[in-house]
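Good morning, everyone, and thank you for making the time. I would like to walk you through a structure that is new to most of us, so please look at the sequence and the picture first, and then we will go through them together.

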Amino acid sequence: MAIRLLKLLGSFIATVLVSTVVVFLLLRVLPGDPATVALGIEATTEQLAAWREQYGMNTPLVVQYFEWLGGLLRGDFGVSYVTGQNISPVITDRLQVTLILVGLAMVIAIAVAVPLGTIAAIRHQRPSGAIISGVSQFGVAVPSFLVGMLLIVFFAIELDWLPSGGWVPPSEPAEFLQHVTLPVIALGTVQASILTRYVRSAVLEIQREDFLRTARSKGLTANVALVRHGLRNAGIPVLTVVGLQMAGLLVGAVVVERVFTIPGLGSYLVDSVGNRDLLAVQAVVVVLVIAIVLINFLVDLAFTLLDPRLRRAA
Amino acid sequence: MTSTAHPLANRIPVADHPALDVSGLTVATDEHELVSNLTFRIERGERVGLIGESGSGKSVTSLAVMGLLPDSLTATGRVTVGGDDRNVIGLGEAQAAKLRGANMAMVFQEPMTALNPLLRVGRQIAESMLIHGTQPDRAAAERRAVELMTDVGLPTPAETARAYPHQLSGGQRQRVVLAIALANDPELLVCDEPTTALDVTVQKQVLKLVLETVSRRSTGLLFITHDLAVVGETCERVLVMNKGVVVEEGPIDRVFTRPQHPYTRGLLAASDLDATDTAGRLFTVATAADYVLGRSVLRTAQRPSAPAAPAAPAAPTSAALVRAEQLTKQYRRDRTSLRTPAPTVDALRGVSFEIEAGQRFGIVGESGSGKSTLLRILSGLDQPTSGTIDVVGRRLNGARHADLAELRKNLQIVFQDPMASLDPRMRIGEIIAEPLMNAANLQGGIAVSRKERAALVAEMVHAVGLPTDSVERFPHQFSGGQRQRISIARALVCRPRILVADEPVSALDVSVRAQVLNLLADLVDEYELTLVFVSHDLGVVRHLCDRVAVMQRGEIVEQGETRAIYDDPSHPYTRSLIEATPTIRHTQEQE
């Protein structure tokens, strides 16, 4: 167990370090001079040099990297060349918004997909199973921004029950819930459809397992055997998909953030790319990488807790 | 052991109701019947064997009795278990579940997958009692589980109860499954091939345990298997099933010595690896008419074209086609603790042997004996840690890829599982022709033309006894025995000098097994092959091989002429293997 934890932790740290190097170098080799972007094409050579001096961009790349990495470890992402703002507080705010959106969407997705997928598997030869299967197939095909726009048209414009966009932090619960409902449903339904299909196939697979037959031979009915012995086993492949979905949503939520004009991390990334705000892009990408690697780390950790075969030396 | 549930059960030899009463049981798919109008009874404490080959309907029968038939099958007829007069057929899942695990219980074929991998085994045993309320609470049930584990002979039951299934061996897991089945003292125990996946020595222990348990508890036993020898050592009465119909039933002694039905006779003949016809071939169902029950004829004694095996000692070094000296192989496992170094596993510990041209060399051993590792090294798929191995004059250890191509030309393999070892999307003709696409595989070293390839393939298809039009078909259109013929054709198409067969018949039915073994023997003679035959089944090796090496824990504990070793084994392990192997001869001779 200890060995496995150390291995997981080691690979977590190594992945993050390597990814900072890659992100740093990738953005340096991209065409486009940040000094020119910041000062405009009429700037003189002296002005450009002075700008580079001010932002520490006249030193060798290695030095720049370590200065940036050092800041990163202290939680300091530096100051944007473009807006002159401190990047760290912006990232903190935006990340919080995105995490709430993604977290709630995944909670809804799991809450919907696990029961529906299980029912679809148990009744795969009956009409109810086929209907769930068909609807989830349809849900996979519909993009989340379209769901979002339909929700706005129906619930915000036609019925006027909920606001069509904007963001209120959870410190004001009533307002927060009103604003968060539609975007979370827009994200959650699509993810729920995808996950339902994975749950269905995982449960179908597990139904063929010998140990379920053993459980039934002990005196459990087929359905109780499936719930008691099957679902936890089926959970292992499903968890992998949940991890991938969350990682994908961190950036993928940007589409829904745009539809509902929510200031999330993805929107910040898109804006910063448009502004050639190199430091901000670098910061967002590194934060995303860390978040995604962290999600994978947690999924691996969950596997270890779920499956005794993975903790050989308990 | 104290039977708490039925204190009087052990003392009443004949109860007023049978353990199992089946009448007019018919199970069918939409298209055809799998079991037709089956009727039989098992009295309390009676042990009844149900014998049949794959597709005979024996497993479907066991599932029908347990109320576990899949929804795609429909069943009619009447099945009652113990004192409960409800018909299991058509009972409905909720009612049937109340009977399962209480009145009747089942032990399955594959112990490796029969237990939930995520739960401790003690809890899985306890669950049986909690479902039926035979123990008041979890603590009591888990205490009783430990007692049951003692009953089924698990070492250190209290600790084993806290183990997960993957920490136990196959034999231990099967004991756990048996403990689950016995937890509520059922009146009927159904065993579906319970020892087929186990090593012979473990099989012997598990069979003994089942026997003792059912006699002590007066449990009715329905024992389903394809292996006649196992039934002979376990049951009192036997039903022989073929294509969904019981063709013969009666006491074991009578059925095994005076079979009435030709199919029973055929099964007995094909199972008897000691008996051969006048041409020295094993009997099949088709040739069983000439089979004389209980007459021992040792095939090795009279093989017509026996190569100069007795003369071999004269020139022991010159003719050796394969020579292994002090082979060792170590595997390093993943570290499991911070303080101790990564554990190593010694798969082979100094294995030496020689195989001469034309010899039939058997390698016998149980799981974990190192025979698979040895086979991988011999076929160039793996490298030894130390020692040397030469095949047809070429050193294999340290050999590069190009050198190994030379080896493949001389040595081809037939694998164990004919269902999994053929690419399902290739036609048979393509499968057999594939080795010819590699120029290095051909004796002349030149790739043949398409036309020549087709001719070579057609010749092999004919040689292994498949119809000519097989080349156009796909693997799923063939039975297990036919697929093994395809594997043999693929191995022989580039005319190797050595044929390595890795458990080639252990996945096959007995009647098919005899056919494939006869085919192998014929081809070895016809193509002047040197055969390396790896098996866990002593009977098969005894029939086919001139020399045998017995492996245990990475070592060859004994090797020599097959007959000498079987008649007079010197190593205790060889002796225990021979003793543990059930034979129908044993049952017949008791008569």
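Let me begin with a question: what percentage of the 591 residues of chain B count as buried? The answer is 49%, and I should say straight away that this value, like everything else I will mention today, is computed from a predicted model.

Let me stay with chain B for a moment and describe its general make-up. Chain B holds 20 helices and 19 strands, and if we take the contacts in this chain with a separation of 6 or more, residues 24 or more positions apart account for 67% of them. The chain is divided into domain 1, which runs over 9-263, and domain 2, which is made up of 358-383 and 398-590. According to the UniProt record, which is an unreviewed entry, the annotation "domain: ABC transporter" covers residues 20-268 and 322-578 of chain B. For the span 20-268 of chain B, the end C-alpha atoms lie 27 Å apart, and the span is 39% helix and 24% strand.

How do the two domains of chain B meet? Their centres, taken over C-alpha atoms, are separated by 34 Å, and 16 residues of domain 1 of chain B are in contact with 16 residues of domain 2 of chain B. On the domain 1 side, the elements that contribute two or more residues are helix H7 (200-217), helix H8 (228-234) and helix H9 (252-257) of chain B, and H8(B) has the largest share, with five residues. By character, the residues on that side of domain 1 of chain B divide into six nonpolar, six polar and four charged.

Now I would like to turn to the sheets of chain B, beginning with one whose strands follow the order E5-E6-E7-E3-E8-E9. This is an open sheet of six strands with mixed pairing. Why is one side of E5 and of strand E9 (245-251) of chain B left without a neighbour in the sheet? Both stand at the edges, each with a single partner strand, and so one side of each has no neighbour there. From one strand to the next, the twist averages 15°. Further inside the order, strand E3 (residues 47-51) and strand E8 (residues 237-242) of chain B run parallel and are joined by four bridges, with Gly49(B) standing opposite Val238(B) in E8(B). Helix H6(B) packs on this sheet, where it touches E5 and strand E6 (188-192) of chain B, and its direction makes about 175° with that of E5(B).

Another open sheet of six strands in chain B, again with mixed pairing, has the order E15-E16-E17-E12-E18-E19. Its edge strands are strand E15 (411-414) and E19 of chain B, each of which pairs on one side only, and neighbouring strands are turned by 15° against each other on average, direction ignored. At one edge, E15(B) runs parallel to strand E16 (residues 498-502) of chain B, and four bridges join the two; here Ile413(B) stands opposite Val500(B) in E16(B). Helix H15 (residues 480-492) of chain B packs on this sheet and touches E15 and E16 of chain B, and its direction makes about 170° with that of E15(B).

At the other edge, strand E18 (residues 547-552) and strand E19 (residues 555-561) of chain B pair in the antiparallel sense over six bridges, and one of the partnerships is that of Val550(B) with Glu558(B) in E19(B). These two strands form a hairpin with two residues between them, and Arg553(B) in the turn has a positive phi of about 45°.

Finally, let me bring in chain A. Chain A is divided into domain 1 (2-73) and domain 2 (95-310), and the C-alpha centres of these domains lie 33 Å apart. Between them, 14 residues of domain 1 of chain A are in contact with 14 residues of domain 2 of chain A. On the domain 1 side, helix H1 (2-29) and helix H2 (34-39) of chain A each give two or more residues, and H1(A) gives the most, with ten residues.

What does the contact between the chains take from each of them? It takes 31 residues from chain B and 23 residues from chain A. On the chain B side, helix H2 (93-99), strand E5 (104-107), helix H3 (121-132) and helix H6 (170-182) are the elements that give two or more residues, and the residues of that side divide into 17 nonpolar, eight polar and six charged.

Conventions
Residues numbered from 1 in each chain as written. Chains lettered and ligands numbered in written order. Predicted model: local features only at pLDDT ≥ 70, side-chain atom pairs only at ≥ 80, totals over all residues. Domains from an automatic or database assignment. Contact = placed C-beta atoms within 7 Å. Nonpolar A, V, L, I, M, F, W, Y, C, P; charged D, E, K, R; others polar. UniProt positions renumbered as here; feature names shortened; annotations may be inferred. Pairing = 2+ DSSP bridges. Buried ≥ 20, exposed ≤ 12 C-beta atoms within 10 Å, placed from the backbone. Axes fitted to C-alpha atoms, helices over the stretch in contact; angles between N-to-C directions.
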